[in-house]
Amino acid sequence: MKKFLILGITAVALTACTDVNVPFMSSAKTESSTSSSTPVFANLKEQLNGREFIIVTEGYNSKTSIGFKGDRVYGFSGINRYFGDYQVSGGKLVFGEFGLTRMGGSQDEMTKELQFLDLLKNNKSVKLSGGTLTLISNEGIELVFKDPKAVNTEAK
């Protein structure tokens with residue numbers, strides 16, 4: 001009986017701490033009570049789901065990528081593979097902590113990889129236009145990615 005009581009209190013405490021305006025928690029009440037831009041960003045997560053993008057911004061390894069599946073993000077950061085959780089909130093992608101493989105590279109490659117991951121985590125806005133995904137960092141640096149499948153579709 002004590003276990004059920006503790007479990008019940010924990011469940012109430014966790015739901016009481018939930019912000020009803022978080023875009024990934026959709027309900028009719030939430031969507032009607034938020035600004036008109038929230039459904040667009042909630043829809044963004046659906047548009048990103050199952051897609052992988054390759055970076056086209058100069059200065060990065062040409063295989064650098066970002067992919068999305070459900071609440072998960074993954075990709076190649078120049079030397080290592082990375083993975084983690086993400087949400088769409090306030091017009092930007094909010095990433096949890098990244099997990100990384102442990103491959104080594106030159107000092108320059110390692111620095112570029114850490115810079116890339118930092119720019120991802122510190123994005124201030126995101127834009128998806130067709131097969132192009134653009135993340136703009138707090139410093140104004142743009143990371144531009146292309147969906148190779150969308151490019152092939154557009155070329156036909």
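Buried means under 20% relative accessible area. The legends below use that cut-off for a predicted model.

**View 1. Aromatic pair Phe53 and Phe68.** A search of the whole structure finds 7 aromatic pairs. In this one, the ring centres of Phe53 and Phe68 are 6.4 Å apart. Their planes stand at 70°, so the pair is edge-to-face. Phe53 belongs to strand S1 (residues 52-55) and Phe68 to strand S2 (residues 65-69). The two are 15 residues apart, and the pair links distant parts of the chain. Phe53 and Phe68 are both buried.

**View 2. Aromatic pair Tyr82 and Phe98.** This pair is edge-to-face too: 5.2 Å centre to centre, with 70° between the planes. Tyr82 sits in strand S4 (residues 81-89). Phe98 sits in the loop between strand S5 (92-95) and strand S6 (99-100). The partners are 16 residues apart in sequence, so the pair ties those parts together. Tyr82 has a relative accessible area of 1% and is therefore buried. Phe98, at 17%, is buried as well.

**View 3. An aromatic cluster.** Tyr82 and Phe98 reappear here as members of one aromatic cluster. Its other members are Tyr60, Phe95, Phe116 and Phe145.

**View 4. Lysine charge over the ring of Phe98.** The ring of Phe98 also has a charged partner, Lys121. The charged end of Lys121 sits over this ring, 5.4 Å from its centre.

**View 5. Lysine charge over the ring of Tyr86.** Here the lysine is Lys45. Its charged end sits over the Tyr86 ring, and the distance to the ring centre is 5.0 Å.

Methods: Residues numbered from 1 in each chain as written. Predicted model: local features only at pLDDT ≥ 70, side-chain atom pairs only at ≥ 80, totals over all residues. Heavy atoms only, no water. Phe/Tyr/Trp six-rings, centres within 6.5 Å; stacked < 30°, edge-to-face > 60°. Helix = DSSP H or I, 4+ residues; strand = E, 2+ residues; numbered from the N terminus. Buried < 20%, exposed > 50% of the residue type's maximum accessible area, 1.4 Å probe, protein only. Lys NZ or Arg CZ within 6 Å of the ring centre and 35° of its normal.
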